[in-house]
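Me: I would like a close look at one part of this model. Please keep the sentences short and work outward from that part to the rest of the chain.

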Amino acid sequence: MQELHGYYLEDLEVGMEACYAKTITEADVVLFAGISGDDNPVHINVEYAKTTPFKERIVHGMFSAALISAVLGTRLPGPGAIYIDQQIRFKAPVHIGDTVVATAKVIEINEERRRVKLETICKVGDTVVAEGVATNMVDRRPA
């Protein structure tokens with residue numbers, strides 16, 4: 001059986017990047033509300049959402065953060081890395097039907113501590129909806 005592992009620390013270079021894209025559905029929002037316990041009516045109640053500055057339902061901000069987790073956990077650095085920190089700023093709303101593209105780009109590698117910092121950005125089209133910096137602990141290549 002082939003080993004299931006992403007990049008090792010020695011394989012990473014500043015500037016490497018990967019992305020994950022997802023079109024958000026009604027089911028995604030309802031399931032995320034159930035899983036997270038965040039049933040804020042701005043996410044699940046059409047009539048309530050009409051009374052907000054958004055005028056319609058919006059997707060949970062943490063859904064975008066979950067897409068960043070998908071990039072880090074499956075693509076870069078990928079399986080074997082541990083997601084240990086995330087700073088994130090939510091910049092614009094995401095709506096049901098939007099396609100969110102989450103991108104992670106290596107910006108710093110600390111070999112001694114086995115830490116990799118990545119710039120994280122989520123976009124809908126050209127609009128940045130979330131941005132920040134993540135830190136992962138990454139395995140060294142086995143001897």
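Which residues does UniProt give for the feature "domain: MaoC-like"? And what does helix α1 (residues 26-36) look like up close?

Reply: UniProt places "domain: MaoC-like" at residues 20-119, in an unreviewed entry. The coordinates here are a predicted model. Within residues 20-119, 34% is helix and 30% is strand. The end C-alpha atoms of that span are 14 Å apart.

Now to the helix. α1 covers residues 26-36. Its buried residues are Asp-28, Val-29, Phe-32 and Ala-33. They sit on the same side of α1, because they span an arc of only 130 degrees around the axis. The general rule is that an α-helix has 3.6 residues a turn, so residues three or four places apart point the same way. The face turned away from the buried side carries Leu-31, Gly-34 and Ile-35, which are exposed. On the buried side, the packing partners are β1, α2 (41-44) and α4. After the helix comes Gly-37, with a positive phi near 85 degrees.

Asp-28 deserves its own look. This acidic residue counts as buried because its relative accessible area is 16%, and the cut-off is under 20%. Its side chain makes a polar contact of 3.0 Å with the side chain of Lys-22. Leaving out residues up to four places away in sequence, Asp-28 touches Lys-22, Thr-23 and Phe-63.

Lys-22 leads on to the strands. Its bridge partner in β3 is Val-100. Strand β1 (residues 17-23) and strand β3 (residues 99-110) run antiparallel, joined by seven bridges. β3 also pairs with strand β4 (residues 115-124), again antiparallel, over nine bridges. One bridge partner pair there is Asn-110 with Arg-115 in β4. β3 and β4 form a hairpin with four residues between them. In that turn, Arg-114 has a positive phi of about 60 degrees.

Val-100 also takes us inside. The largest nonpolar core has 27 residues. Those touching the most other members are Ile-24, Val-94, Val-100, Val-116, Leu-118 and Cys-122. Two or more residues come from each of α1, α4 (61-74), β3, β4 and β5 (127-137). The most come from α4, which gives five residues. So α1 is among the elements that supply this core, and its buried residues pack against α4.

Val-94 shows how the core is wired. Neighbours within four places in sequence aside, Val-94 contacts Ile-24, Ile-58, Val-59, Ser-64, Val-100, Val-124 and Val-129. Two of these, Ile-24 and Val-100, are also on the list of core residues that touch the most other members.

Finally, the whole chain. The protein chain has four helices and five strands. Along the sequence they follow the pattern β-α-α-α-α-β-β-β-β. The C-alpha atoms fill a box of roughly 60 × 30 × 20 Å along the principal axes. Of the 143 residues, 34% are buried. Among contacts with a separation of 6 or more, 68% join residues 24 or more positions apart.

Methods. Residues are numbered from 1 along each chain as its sequence is written. This is a predicted model: local features need pLDDT of at least 70, side-chain atom pairs count only at pLDDT 80 or more; totals for chains, interfaces and linings use all residues. Side-chain values use heavy atoms; hydrogens and water are left out. Two strands pair if DSSP finds at least two bridges between them. Buried means under 20% relative accessible area, exposed over 50%, partly exposed in between (1.4 Å probe, protein chains only). A polar contact is a pair of N or O atoms within 3.5 Å; within protein, one must be able to donate a hydrogen and the other to accept it, and residues adjacent in sequence count only if both atoms are side-chain atoms. Contact means heavy atoms within 4.5 Å. UniProt positions are given in the numbering used here, feature names are shortened, and annotations may be inferred rather than shown by experiment. A nonpolar core is a set of buried Ala, Val, Leu, Ile, Met, Phe, Trp, Tyr and Cys residues joined through side-chain atoms within 4.5 Å. The arc is that of the directions from the helix axis to the C-beta atoms.
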